[in-house]
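Hi,

Here is the structure I promised to pass on. Please have a look at it first, and then read my notes below.

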Amino acid sequence: MFTALQSSLLLSNSQFLFSNLKPISFHVSRFESKIPNLRIHTKLLPFKSINSSNPTIEHSQSQSYRPLLRTFHTFKTLVPYILSQRKHILAGWLCSVVSVFSLSLIVPKIGKFSSIIDKVDAIKLWDQSLVLGSLVFARFVASYCQEAFIWDAALNAIYEIRLRVFERVLAMDLDFFEGGTGVSSGDIAYRITAEASDVADTVYSLLNTVVPSMLQLSAMATQMLAISPVLSLISALVIPCVALVIAYLGERQHRISKMASLSIANLSSYLNEVLPAFLFVKANSAEFCENIRFQRLARTDLYERLKKKKMKAFVPHVVQALYFVSLSMLFVGLLVVSRGSFSSSSMVSFVTSLGFLIEPVQKIGKAYNELKEGEPAIERLFELIEFKPTVIETHDAVDLNCLKGELKFCNVSFTYGSNMPLVLDGLNLHIKAGETVAFMGPSGGGKTTLIKLLLRLYDPLSGNILIDNHNIRTVRFRSLRRNIGLVSQDMILFSGTVAENIGYYDLTKEIDMERVKEVAQIANADEFIRRLPKGYNTNIGPRGLTLSGGQKQRLAIARALYQNSSILVLDEATSALDSASEILVRHALERLMENHTVLIIAHRLETILMANRVFILDGGKLEELPRPAISDYNSLIKTGLVI
Ligand SMILES: Nc1ncnc2c1ncn2[C@@H]1O[C@H](COP(=O)(O)OP(=O)(O)OP(=O)(O)O)[C@@H](O)[C@H]1O
């Protein structure tokens, strides 16, 4: 019931950057109809088709953009991150100036070389070889440094983008993950890891091309113009033709790349869901079914990826072939026309310049295609940044210290969607500081929702919630959530040591080991922890897999106690304990209740009896049980809500 809720709360309470996002839904590719031999699987398994892109944050504008405008818009989003790396970029471009300058000296030297060879002048030949060799070496070193600096800039820019995206993901509403249009954790993980790497390649390609290739292009064009303006202008006619072909192919590349991004994101989402549910899959002998589902998604990805790679391989060859064919035809024609008007060294220099002119033209074409290929990844990554949470901390929000723990729900109504029924309907409740209140009710009655509103993971549709007479909308998230300790039946533990899990709230500072041991004793966890191979320093594995359900629950209780909050929320907090442990933990909790406000969501009679007041939450309405009814066990059991 509380998995996503508790993850959000833990993450919002801590700067510890774990990502433990609950998988939401099965993702099945919508491209299968294009693969005839996969249709059989669709008939076999009635899975729903879900686009991995979140419609709520879809770039509605970009749909209507013309291709070039869209590319411009996409590139614009990268600009601030690229500019933050200007030192490395300038250093890289400076190296490219040196590299192009060396090249512009190399070209006439090659021309001169041909005349020296004609005269067979050994001394001059040696001198010129030395100069030429030094220039070639200078170009090699400068080119290497250029690439190294540009990679530095591209990877650092992506590092900044990743940090920003993850920060935004952590700031998102709970609804982003558990709403009907939620983005799956696998998809988000894929965007932040693999797609961010694709964006790094695109940024590198752009930075490494724009200035260096333009420099080389202008240097070679200048050389050619100096030798023969007419020949140069005719050669330049080829460039617009090549540009048109590149633009057309770039658009196709963008579409194909987008499909490939979605197919791999679907595969990643699927794995993210099924691997943590391994026990369930085995217990249900569902290996065959899962195999087929994996096969279907993997084959869709194979199909889309292959298309993308083929297109990527195809484009440079087309451009190259087009350029060579056109230039050769032009060149041969012009050679015939201008016969005898060139010296042989000018001719060699012109041809060499032409050769080096093709390289940057090709690079610019390739960079454009890289941009088109990376565009979907950039769009999907920045979708996460552009998402606007609806539950917002106001600028003048205050920090609350030393809360007494008085709570007031004033006429609170709530629904999960505009066309969905009210989950809470004009709810009024006053809980005094230090009071223990239990909530019972049928499944789906709204108990968890009430806690979500208290933690401000959602805002009420109407009404207000006050904590020590402060409207929670005016309180800083961190301050509010630090003051509410939550123990749920879905224990969220992270890979790390026992001490790190208990002292989670102090992970970025120093964990108070004395306090860790103290709360572990209260939660009746100290004994089993000491028996672990390394005691409090034992690593408990991913999601605490090496522990039993009861042990996990005791760690979760200890963690909530470590937080030292004035309000405790216990959601079936003792459900996974054996009777002996439960009695011990319950006694510990009873001691804690003396100076805490406690909200208990419970179905067990023993737990409910710990409360001063008991409420039934049903159909969005709250009803308090009269005191005699609480002490009358039989009438409590007769409600059918107590076990
Ligand atoms: N993220 C969500 N989006 C849409 N509806 C939701 C969402 N979470 C809960 N609901 C709906 O809201 C209602 C109340 O759910 P809630 O989890 O608060 O019930 P509960 O009393 O805690 O139930 P249980 O005792 O079974 O855990 C249910 O009808 C549920 O289907």
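**Confidence, fold and ligand shell**

Residues 1–9 keep a pLDDT (the predictor's confidence in each residue, from 0 to 100) under 50, and the model gives them 34 contacts beyond four places in sequence; two residues are in contact if their C-beta atoms, placed from the backbone, lie within 7 Å. The pLDDT is also below 50 over residues 11–65, a stretch with 100 contacts in the model beyond near neighbours in sequence.

This is a predicted model, so local features need pLDDT of at least 70 and side-chain atom pairs count only at pLDDT 80 or more, while totals for chains, interfaces and linings use all residues. Numbering starts from 1 along each chain as its sequence is written. For the protein, the mean pLDDT is 77, with 78% of residues reaching 70 or more. The model has an ipTM of 0.97 and a pTM of 0.70.

The protein has 23 helices and 10 strands, taken as DSSP runs (helices H or I, at least four residues; strands E, at least two) and numbered from the N terminus.

Now to the ligand: 13 residues surround it, and the closest are Tyr416, Ser443, Lys447, Thr448 and Thr449. A residue counts as near if its C-beta atom, placed from the backbone, lies within 6 Å. Helix H14 (residues 447–454) gives the largest share of this shell, three residues.

Seven of the eight residues of H14 are buried, that is, with 20 or more other C-beta atoms within 10 Å of their own, C-beta atoms being placed from the backbone. Just after H14, arginine 456 has a positive phi of about 55 degrees.

Best wishes

Technical notes:
Buried ≥ 20, exposed ≤ 12 C-beta atoms within 10 Å, placed from the backbone.
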